[in-house]
Amino acid sequence: MGLLTNLRDSILRVTDGLFAADEPKRIGIYGPPNAGKTTLANRIARDWTGDAVGPESQVPHETRRARRKEDVEIERNGQTVTIDIVDTPGVTTKVDYKEFLDHDMDKEDAVRRSREATEGVAEAMHWLREDVDGVIYVLDSTTDPFTQVNTMLIGIIESQDLPALILANKTDLSESDVTQIANAFPQHETVPLSALEGENMDEVYTKIAEYFG
Amino acid sequence: MPGATPDVDGGDDPADDGVRIDMISGARMEGLTSMEKIRLILDGVREGNIVILEEGLSPDEESKLIEVTMTEISPDDFTGIEIETYPKPNAGNKSFLDRLMGRESAQKLTVIGPANRIETLHKDENLISTLVSRQ
Ligand SMILES: Nc1nc2c(ncn2[C@@H]2O[C@H](COP(=O)(O)OP(=O)(O)O)[C@@H](O)[C@H]2O)c(=O)[nH]1
Ligand SMILES: [Mg+2]
């Protein structure tokens, strides 16, 4: 008994040491479908590790399961910040497989895709309560940010006391309205960018280092 | 039950295409656990009802509501929910919803309905008043 207890204690001590302060922060990329979460995750991963996270698509719910890229080392001002980025499916309160039928898919495919999507959203919500250390919330700056889902999600993130960086994406498009996003969430800093064109990524990385470092 | 007086819970007849509203008071919710609240809401919504919560859910409960909703979505049966919250109305200016609940200003009214029946629950009292008047 005593031996086992001692063994357990020493294992705990060793693992405690292993998972101490240097453990990379797990940063969840959240936001509505099609905001550009995967495009951003891929850009961050490519810029700092050389490979991508997953496919980007105009078909909603392309990212059905959360995808992770571990140990992304971002260098800012001589300091290195190590994060795990988790690209999540867009959060929604409804999924209807019939919407996928418009995208050249038969019923079986559409049903499977919607099932994966619902599982992915459930998982992403669970993670938000249990498993992330910070959030990058991506919004498409050409669309109205005042949606119920955005308000709810920001409220959930705030209630978890997680550091949250709001990104106003797609600034390359002429309809982009960054001010509207900033006004929607005045309690947070909003950083504009184009994840597709790579505009303003320097500021994005500086803020990531500042918020999650 | 004699005397078919229209009641708020009307529409027990499945052939009746009317909208049924489940109004859940703050007092009713008070003693429930998060999961009990979510069950109460989803049971109502899955019957096709519009559920109005006098006092909204906490952020944590909202997050669980989304998670449980996702696990219950199934093809040709349940496509999920629409949810809208209405901020506390200005004191003195008794809103329609206050009158509906028969009391003074509500906390954060939350309206939840089945996604396939309500495309968008607009932040518009007229819509709700229309729904209610269809009882
Ligand atoms: N113009 C423009 N399009 C973008 C930008 N970022 C993403 N997109 C496009 O928006 C669509 C959705 O992107 P995706 O990253 O899959 O969105 P997600 O659903 O949030 O993961 C794709 O067609 C992307 O090419 C951007 O900065 N500018
Ligand atoms: Mg994606």
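This is a short tour of a predicted model, moving from the contact between chains A and B to a few spots inside chain B. Local features need pLDDT of at least 70 and side-chain atom pairs count only at pLDDT 80 or more, while totals for chains, interfaces and linings use all residues. Residues are numbered from 1 along each chain as its sequence is written, chains are lettered from A in the order in which they are written, and side-chain values use heavy atoms, with hydrogens and water left out.

**Stop 1: where the chains meet**

Show both chains. The contact (heavy atoms within 4.5 Å) takes 24 residues from chain A and 23 residues from chain B. Together the chains bury about 1,900 Å², 59% of it on carbon and sulfur atoms; that is the accessible area (1.4 Å probe) the two parts lose on being put together, summed over both. Now pick A:Thr93, A:Arg129 and A:Gln148, which lose the most area on the chain A side, together 32% of what that side buries.

Next, zoom in on A:Lys94 and B:Glu82. They form a salt bridge (a side-chain nitrogen of Lys or Arg within 4 Å of a carboxyl oxygen of Asp or Glu), with the closest N and O atoms 2.4 Å apart. The count between the two chains is 4 salt bridges. Color chain A by helix (DSSP runs of H or I, at least four residues, numbered from the N terminus): helix 4 and helix 5 each give two or more residues to the side touching chain B. Helix 4 gives the largest share, 9 residues.

**Stop 2: helix 3 of chain B**

Select residues 59-72 of chain B. This helix has 14 residues, and 10 of them are buried (under 20% relative accessible area, 1.4 Å probe, protein chains only). Among the buried ones are B:Leu65, B:Ile66 and B:Met70. The buried residues pack against helix 4 and helix 5 of chain A, and also against helix 2, strand 3 and strand 4 of chain B.

**Stop 3: two strand residues**

B:Pro114 sits in strand 4 of chain B (strands are DSSP runs of E, at least two residues). It counts as buried because its relative accessibility is 3%. Select B:Gly80 too: the two C-alpha atoms are 6.1 Å apart, although 34 residues separate them along the chain.

Finish at B:Asp22, in strand 1 of chain B. B:Asp22 is buried as well, at 14% relative accessibility. Its neighbors in contact include B:Gly44, B:Asn49 and B:Ile52.

Technical notes:
Expected span 1.5 Å × (residues − 1). Buried < 20%, exposed > 50% of the residue type's maximum accessible area, 1.4 Å probe, protein only. Lists of a residue's contacts leave out its neighbours within four places in sequence.
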